[in-house]
Amino acid sequence: MPIPLPEMQVDGGPKAFQSPARKLVLLVIFCLAQFLDGVNNSSLLSALPALDNSMGMTSSQSTWVISAFQLTFASFLLISGRISDVYNPKTAFIGGVSGICVISICSGFVDSKIPIIICRALCGIASAMTIPSALSLIINVFPDPLQQARAIGVFGGCGAVAGVFGLLIGAMFVEWVSYHWVFWFSAIVAAPVALAGVFLIPPSQVAETVDSLEPTAAKWKNLDLVGISILTVAIILFIFAVTSGSTDGWASAMVLAPLIISILMMVAFFYWETLIPLENAAIPPRTWFYNNFCVLVVVGLLPYFWWFAVVTIFNT
């Protein structure tokens, strides 16, 4: 007997019954996407020495293979949630996973410095599309608060597990095959996830808001593309200055110029956020005034900095 395709909840309306098996399969799909993001971030750390030798990269250049993914992932994570709200979380999720698949296939065939960094940056954008959309879909699939909390906990845990297993996966491929398979592994996992998502993720209906009533072609105006662009360029210049300081000297123009420009652009970003409508801002100014928000940001970053410092030092 065919299982009827359930509809997603809209504005607190009724939700069609979904079997526990279907919910479990959907959770596995969302967790695999989260796992992919973690693997894409950590597996290259193990493969970096082999990749450096193959492409003749210096230590400062190889930093960008990792940083390119992390920078675009972090920057576009702000706007990807807005894209899910304005358009459709199912579309954003499938588009992000499909992008990971295509870009990973291309990355496996690249043997040059600049193209591999560009591919990593594009993969970071695609990965950022999967997180907010997956969370939105989990909330709709698991309306019960207890089930929802457990599902989100498992979803977040998969990212942490991927951070560890990514190191092992990258090391095994480099040892037994080649670093190219680190990229192709992501494509092999992403392809069935995207395909399963097309058929199994129930269609989500966007609530009747001003965003949903606008023509599809005009919805991009509700995205803070200017702010995200300023923030991304600022972070890239800052990382470039920090990574170049040890080789070019901290007093050189190649370090000071991008460092100063990045700080000015960061100030410009926060000023820009005060000028645009609150609902369109990537980081609304009031965010920083939530109770304990700044404290939580610092506490969340500290173990992350420690982890990557240790991994970078002892990885080789």
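## A walk around helix α1

Read from one end of the sequence to the other, the protein runs α-α-α-α-α-α-α-α-α-α-α. Colour the chain by secondary structure and you will find eleven helices and zero strands. Keep in mind along the way that this is a predicted model.

**Stop 1: the whole chain**

Start with everything shown, and switch on a surface. The accessible surface of the protein comes to about 16200 Å², and carbon and sulfur atoms contribute 75% of that area. If you colour by burial instead, buried residues make up 45% of the 316 residues. Now turn to contacts along the sequence: among those with a separation of 6 or more, 78% join residues 24 or more positions apart.

**Stop 2: α1 against α2**

Select residues 20-55 for helix α1 and residues 59-86 for helix α2. Their axes lie 9 Å apart, at an angle of about 165 degrees. Since an angle over 145 degrees counts as roughly antiparallel, α1 and α2 are therefore roughly antiparallel to each other. Look at the handedness too: α1 passes α2 in a right-handed crossing.

Next, show side chains at this contact. On the α1 side, pick D37, N40, N41, L44, L45, L48, L51 and D52. Facing them in α2 are S62, V65, I66, F69, Q70 and F73. Sorted by class, this contact holds eight nonpolar, four polar and two charged residues.

**Stop 3: α1 against α7**

Keep α1 on screen and swap α2 for helix α7, residues 180-200. How far apart are the axes of α1 and α7, and at what angle do they pack? The axes are 9 Å apart and the angle is about 165 degrees. That makes α1 roughly antiparallel to α7. The crossing of α1 with α7 is left-handed.

To see the contact, select R22, V25, L26, I29, L32, L36, V39, N40, S43, L44, A47 and L51 in α1. Then add V182, F183, F185, S186, V189, A190, V193, A196, G197, F199 and L200 from α7. Coloured by class, these residues of α1 and α7 divide into 18 nonpolar, four polar and one charged.

Before leaving, zoom in on L200, which sits in helix α7. Is L200 buried, partly exposed or exposed? Its relative accessibility is 30%, so L200 counts as partly exposed. Leaving aside residues up to four places away in sequence, L200 touches R22, V25, L26 and I29. Draw a distance from L200 to L26: the two are 174 residues apart along the chain, yet their C-alpha atoms are separated by 7.1 Å.

**Stop 4: α1 against α3**

Hide α7 and bring in helix α3, residues 89-108. The axes of α1 and α3 come within 11 Å and cross at roughly 40 degrees. That makes α1 oblique to α3. The crossing of this pair is left-handed.

For the contact itself, select I29, F30, A33, D37 and N40 in α1, together with F93, V97, I100 and S104 in α3. By class, the α1 and α3 contact has six nonpolar, two polar and one charged residues.

Stay on α3 and move to I105. At 37% relative accessibility, I105 counts as partly exposed. Which residues does I105 touch, beyond those up to four places away in sequence? They are W184 and A187. Try a distance to W181 as well: I105 and W181 are 76 residues apart in sequence and 9.4 Å apart in space, C-alpha to C-alpha.

**Stop 5: L256 in α10**

Now select L256, in helix α10. With a relative accessible area of 38%, L256 is partly exposed. Not counting residues up to four places away in sequence, L256 touches W250 and A251. From L256 to A241 the C-alpha distance is 7.0 Å, across 15 residues of sequence.

**Stop 6: N292 in a loop**

Finish with the loop between α10 (253-275) and α11 (293-314), where you will find N292. Check its backbone: phi of N292 is near 65 degrees, a positive value in a residue other than glycine. Is N292 buried or exposed? At 54% relative accessibility, N292 counts as exposed.

Definitions and conventions: Residues are numbered from 1 along each chain as its sequence is written. This is a predicted model: local features need pLDDT of at least 70, side-chain atom pairs count only at pLDDT 80 or more; totals for chains, interfaces and linings use all residues. Side-chain values use heavy atoms; hydrogens and water are left out. Axes are lines fitted to C-alpha atoms, for helices over the stretch in contact, and angles run from 0 to 180 degrees between N-to-C directions. Helices (H or I, at least four residues) and strands (E, at least two) are DSSP runs, numbered from the N terminus. Angles under 35 degrees count as roughly parallel, over 145 as roughly antiparallel, 65 to 115 as roughly perpendicular and the rest as oblique. A crossing is left-handed if the near helix is turned anticlockwise from the far one by less than a right angle, and right-handed if clockwise. Contact means heavy atoms within 4.5 Å. Ala, Val, Leu, Ile, Met, Phe, Trp, Tyr, Cys and Pro count as nonpolar, Asp, Glu, Lys and Arg as charged, and the others, Gly among them, as polar. Buried means under 20% relative accessible area, exposed over 50%, partly exposed in between (1.4 Å probe, protein chains only). Accessible areas come from the Shrake-Rupley method with a 1.4 Å probe; for residues, only the protein chains shown count as cover.
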